[in-house]
Amino acid sequence: MKPLAHRRAGTAGKPPVLLIHGFGGRMETWLNMEVALERDAALLLVDLPGHGRSRDSHEPVGAGQAAKAVAATLDHLGGEPVFVVGHSMGGAVGAVLAMTRPDLVRGALLLAPGGMGPEVDAAALRQYAREYDLDELARVLRRFYAPGTRIPRGLVEELAREREDPATRRAHGEILLSILKGDNQHTLSMQRLGEATPPIHVMWGDADEIIPSAQLANLPENVTRELLPGIGHMVHLEATQAVARKLRTLIAEAV
Amino acid sequence: MTDTAQPIRAAACERVARALKDAGLEDTIREMPASTRTAEDAASACGCAVGQIVKSLVFRGKHSGRALLFLVAGDNRLDMKAAEALAGEPVSRPDAAYVRAETGFAIGGIPPLGHDRALKTYMDEDLLDYPLVHAAAGTPNSVFSVAPDALKTATSALSGPLKEAAA
């Protein structure tokens, strides 16, 4: 399988960290984490199948298939095991990677991950997938952040520009078909997650309107977890420093 | 207002407050009766040395195209050669609209953190000599106080010499 579009950042020689964006995102959504981790990690960023610069090279697929593409990319780059940080759908991808290719995963930090329970705001995801009217997009994006969080206009404009291209909307629509089951989302096997060998930590905002943080209760015992007060679905953007601190701890514990 | 009432703060200050909370720092934001727009104003409002005031200066990296933030001690002038050496690329001074778009704050109140998008940050090593420094909290009449090493950690800043030699 062809490697996904990817980019290296951070500091070579530091512990390797793979950043996996969420549904409808792309590697650029990690900018804040990239700045926070610049001198702590050798970062690898990918665009998931059907997203960003992997939109046309890789068929739009759900988390399970996307994990295979990520594994193929890591194998292509030498197969060195990495610390994985995944947000939302990228969190589900990270979980599947930890379950299916533990040889590639030194540890996983999952932020508001998909697939941990059936509940999801499917309507918000459907609109987010295809909306390119600036005001409408800004309105639906509000649901992704805790109340009171400012959403930079530049971000809304970039997302809108991407969605103006019918090929983007088509790819997003295909991926949603793989993620959603009616108005719910497909779930991962909690039993298999419980058998995963890499250490897994989950962070979730208690103001998440997209995937409820109550799904923390579904996680198996081996998965450590924390609830972030006043944080919405965009954990990596709303609680960048908290995520960076936790990642540094996970890395220190693993070394 | 009673003692327990929370003062209503500017939205810009609230964004800085969120960033402080995320960084695990205390919310020390104070809105001042007088302007804190310049380092001298801020020092007299805070009753501290001008060198303890953090000036947050935004430049644009000519190679990366990205906004870069330089945190400079209030009594130092930023040396452009030193800034470029620390950043590893030539920089140019952007206009106010660029600064506003990149940081989400207007010049005069630009804080060292809490920007719309995280900025690569470089810190004047002279700031590290003080036990406490004071920086703009999003508006031209608000400041917060922080230990400089904690500010360095919170902004993932690279520190080094940035001051212009005295003329």
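This passage walks through chain A of a predicted model, from its overall build down to one residue, and then turns to the contact with chain B.

Taken as a whole, chain A is built from ten helices and nine strands. Its radius of gyration is 17 Å, close to the 18 Å that the globule rule gives for 255 residues, so chain A is as compact as a globular protein of that length. Drawn along the principal axes, a box of roughly 45 × 35 × 35 Å holds the C-alpha atoms of the chain. Of the 255 residues in chain A, 51% are buried. The contacts tell a story about sequence, too: looking just at those in chain A with a separation of 6 or more, 72% link residues that are 24 or more positions apart.

Next up is a pair of helices. Two packed helices are described by the angle between their axes and the distance between the axes. For helix H5 (residues 134-142) and helix H6 (residues 153-164), both in chain A, the axes come within 10 Å and cross at roughly 115 degrees. Angles of 65 to 115 degrees count as roughly perpendicular, and H5(A) and H6(A) are therefore roughly perpendicular to each other. The crossing of H5(A) past H6(A) is right-handed. On the H5(A) side, the residues that meet H6(A) are A:Leu134, A:Leu137, A:Ala138 and A:Leu141, and their partners in H6(A) are A:Val156, A:Glu157, A:Leu159 and A:Ala160. Sorted by class, this contact has seven nonpolar residues, one charged residue and no polar ones.

Zooming in further, A:Ile179 sits in helix H7 (residues 166-179) of chain A. A residue counts as buried once 20 or more other C-beta atoms lie within 10 Å of its own; A:Ile179 has 22 such neighbours inside 10 Å, so it is buried. Leaving aside residues up to four places away in sequence, A:Ile179 touches A:Phe23, A:Gly62, A:Met89, A:Gly114, A:Gln185 and A:His186. Sequence and space can be set side by side here: A:Ile179 and A:Val61 are 118 residues apart along the chain, while their C-alpha atoms are 8.5 Å apart.

Finally, there is the contact between the two chains. Chain A puts in 14 residues and chain B puts in 14 residues. On the chain B side, helix H1 (residues 11-22) of chain B supplies the largest share, with three residues. The side of chain B that touches chain A is a mix of six charged, five nonpolar and three polar residues.

Terms used
Residues are numbered from 1 along each chain as its sequence is written. Chains are lettered from A and ligands numbered from 1 in the order in which they are written. This is a predicted model: local features need pLDDT of at least 70, side-chain atom pairs count only at pLDDT 80 or more; totals for chains, interfaces and linings use all residues. Axes are lines fitted to C-alpha atoms, for helices over the stretch in contact, and angles run from 0 to 180 degrees between N-to-C directions. Helices (H or I, at least four residues) and strands (E, at least two) are DSSP runs, numbered from the N terminus. Angles under 35 degrees count as roughly parallel, over 145 as roughly antiparallel, 65 to 115 as roughly perpendicular and the rest as oblique. A crossing is left-handed if the near helix is turned anticlockwise from the far one by less than a right angle, and right-handed if clockwise. Two residues are in contact if their C-beta atoms, placed from the backbone, lie within 7 Å. Ala, Val, Leu, Ile, Met, Phe, Trp, Tyr, Cys and Pro count as nonpolar, Asp, Glu, Lys and Arg as charged, and the others, Gly among them, as polar. The radius of gyration is taken over C-alpha atoms; the globule rule is 2.2 Å times the number of residues to the power 0.38. A residue is buried if 20 or more other C-beta atoms lie within 10 Å of its own, exposed if 12 or fewer, and partly exposed in between; C-beta atoms are placed from the backbone.
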